[in-house]
Amino acid sequence: MEKLMSISHFLLFSLITLSSFPQHHHAAASSEYSRPPPRPLVFTSHSRSESDSQQVHISLVGKDHMRVSWITSNKHTESKVEYGKSPGNYEASATGEHTSYHYFFYRSGEIHHVVIGPLEPSTTYYYRCGGSGPEFSFRTPPSTFPIEFVVVGDLGQTEWTASTLSHVGAKDYDVFLLPGDLSYADTQQPLWDSFGRLVEPYASRRPWMVTEGNHEIETFPIIYPHGFKAYNSRWLMPYEQSGSKSNLYYSFEVAGAHILMLGSYADFDADSDQYKWLEADLASIDRTKTPWLIALLHAPWYNSNDAHKGEGESMRKAMEELLYKARVDAVFAGHVHAYERFTRVFDNTADPCGPVYVTIGDGGNREGLALSFEKTKPSISVYREPSFGHGRLRVFNETHAHWSWHRNNESDTFVADEVWLQSMYSSDSCNKATQRSIQRDEL
Ligand SMILES: [Fe+2]
C-alpha cells in the first residue's frame, strides 16, 4: 500500500512540477551550454518491515558525540539507539526525538534523531535503531591528524551517483562533506526516501556533514513559503552547538580542522543572522587547536563555467573579506556540475593569503554535466574539467594537506588533479599580514 501511495505521489508531483513549480536559481544558464545525456534515476525501494529503521545516517555533534537519524514507517517505534564496541553487544543506549512532516498529500514516516556518546575517537561502534531491525556500524573520526575528508557536491540519485559512491567507498576516509544538492527530489517527496535508502550504506558508516543547495529549497507560494521542510526534518545538522539559529548554516570541529558550513540560500548580508553568526564563529576559533579552516557553500564564488555564472557573486561580495581576513585555507562549492580548482584568490586576484577555491558539483545529479567553460581560462583557474567524480582532502598535520580529485570513469585510485596545500596557520608571511591588518583596524 505504501508503495502504491509513493508511486501515485511521485506521478502527481511529477505533473505538478512539470507544469507549475518555479525552478529556483537554476534555469538561468540552461540555454548557454549543452549537457550529455544524464544517466537514469536509481529508485531505491523500501524492503524492510514497517518498524525497522531505514535511511540511517549519522552526523557529528560536538567533540565526541554522534547523531543517528533514521526513518520508520511505523509511527510507534521508539527513538532509541543501542550501541557498543562489538557486534550485538549493546552496552549503552540513548533516547532522542522524532518528528514528521506533511508536503501536500505526502506524509513522511517518523523521522528519528538520537544523539549518542561520549564516544572514543577512531573506534568502531555497532548500533541498532528503535530496538529491533538490522545492525549498523560506524567508525568515529580521529581526534588528531591525519584525517581524511571526502567532498562531493550535487550528488543526486542516478547511476552516476551510484558510480561516485562506489568510488568513494572503495578507499577509506573519515568524514563525508556535501556542499549542497542532495536528493534532487525537487518537491517529489518519495524521492527523499529513495535517496535516504540509496546513501544509507555510506551515510550509516561515516558521518555525513551537509549544507543546503537550491534543490533543497522546495518552496511553494503561500503554502510553503519558507522552504527546506524535507531537508531540515531529515538532515538535521549540529547548528545549535555552534551558536547558529538555523540548520542552513553552522560550523563544527574535528581533528584539528574547523569547518564552516555556509548557507547560500539563507540571508548573508551584513545585517543578517548568518553574517553575524559567521563573524562570531570566526572570532571564536583557536588556530592553535584547529589550524585548518575550511568552508563549504553551494553556489561558487569563483567559476569560469558558463553554467550558473555570477550566481554566487552577491554572497562573495558580502562575505569574502570575512573569510580572507580569517585566513580560510580552502572553500569548496557545488552547484556547477563540473570540477574546477582555482589558485589562492582574494577579490578576483591571485593572493597567496587567500583561500584555494574548488568547485566540486560533479557528484552524479540527474541534469548531466556542465560542459562549457569560458573560452579563455582565467589566470586564477588552475584546472577545470566537466566529469563526474569526487574529491579527497587528506590533512596530514598542522601544516600540510593533500587535495585530490578522482574522476568516475577511472579506477578509484586514479587522481586527475591534485595539489599540496600549506596551512595559512603555518604561513609566516600571511600571519604577519593578518597582524598588520588588525593593527590598522585598531587605529
Ligand atoms: Fe545547485
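**Exercise 1. Lys 289**

Task: In this predicted model, locate Lys 289 among the secondary-structure elements and decide whether Lys 289 is buried or exposed.

Solution.
1. Lys 289 sits in the loop between H5 and strand E16 (292–296).
2. Within 10 Å of Lys 289 there are 10 other C-beta atoms. The cut-off for an exposed residue is 12 or fewer, so Lys 289 is exposed.
3. Glu 398 is 109 residues apart from Lys 289 along the chain, and their C-alpha atoms are separated by 9.3 Å.

**Exercise 2. Helices H5 and H6**

Task: Describe how helix H5 (residues 273–283) and helix H6 (residues 313–325) pack, and state which residues meet.

Solution.
1. Two packed helices are described by the angle between their axes and the distance between the axes.
2. For H5 and H6 the angle is about 5°, and the axes are 11 Å apart. Angles under 35 degrees count as roughly parallel, so H5 is roughly parallel to H6.
3. H5 contributes Tyr 275, Leu 278, Glu 279 and Leu 282, which meet Ala 318, Met 319 and Leu 322 of H6.
4. The residues of this contact comprise six nonpolar, no polar and one charged.

**Exercise 3. Strand E12 and its partners**

Task: For strand E12 (residues 175–178), work out which way the residues point, which strands pair with E12, and what the handedness of each β-α-β connection is.

Solution.
1. In a regular strand the side chains alternate between the two faces of the sheet.
2. In E12, Val 175 and Leu 177 point one way, while Phe 176 and Leu 178 point the other way; all are buried.
3. Strand E11 (residues 147–151) pairs with E12 in the parallel sense over three bridges. Val 151 is opposite Leu 177 of E12.
4. From E11 the chain passes through helix H2 (residues 159–169) to E12, a right-handed β-α-β crossover.
5. E12 also runs parallel to strand E13 (residues 208–210), joined by three bridges. Here Phe 176 is opposite Trp 208.
6. With helix H3 (residues 190–203) between them, E12 and E13 make a β-α-β unit that is right-handed.

**Exercise 4. A four-stranded sheet**

Task: Give the strand order of the open sheet that contains E3 and E9, and identify which strands stand at the edges.

Solution.
1. The order is E4-E3-E9-E10, with antiparallel pairing.
2. Strand E4 (92–95) and strand E10 (135–139) each have a single partner strand, so one side of each has no neighbour in the sheet, and these two stand at the edges.
3. Neighbouring strands of this sheet are turned by 30° against each other on average, direction ignored.
4. Strand E3 (residues 80–84) is joined to E4 by four bridges; Glu 82 has Ser 93 in E4 as its bridge partner.

**Exercise 5. Backbone exceptions**

Task: Locate the cis peptide bonds before Pro 118 and Pro 146, and compare the burial of Phe 104 and Phe 228.

Solution.
1. Most residues other than glycine have a negative phi, and most peptide bonds are trans.
2. The bond from Gly 117 to Pro 118 is cis; Pro 118 belongs to the loop between strand E8 (110–116) and strand E9 (124–129).
3. The bond from Phe 145 to Pro 146 is also cis, and Pro 146 is in the loop between E10 and E11.
4. Phe 104 has a positive phi of about 50° and lies in the loop between strand E6 (102–103) and strand E7 (106–107). Phe 104 has 14 C-beta neighbours inside 10 Å, so Phe 104 is partly exposed.
5. Phe 228 has a positive phi of about 60° and lies in the loop between E13 and helix H4 (229–234). With 20 other C-beta atoms within 10 Å, Phe 228 is buried.

How values were computed:
Residues are numbered from 1 along each chain as its sequence is written. This is a predicted model: local features need pLDDT of at least 70, side-chain atom pairs count only at pLDDT 80 or more; totals for chains, interfaces and linings use all residues. Axes are lines fitted to C-alpha atoms, for helices over the stretch in contact, and angles run from 0 to 180 degrees between N-to-C directions. Angles under 35 degrees count as roughly parallel, over 145 as roughly antiparallel, 65 to 115 as roughly perpendicular and the rest as oblique. Two residues are in contact if their C-beta atoms, placed from the backbone, lie within 7 Å. Ala, Val, Leu, Ile, Met, Phe, Trp, Tyr, Cys and Pro count as nonpolar, Asp, Glu, Lys and Arg as charged, and the others, Gly among them, as polar. Two strands pair if DSSP finds at least two bridges between them. A crossover is right-handed if, with the strands pointing away from the viewer, the path from the first strand over the helix to the second runs clockwise.
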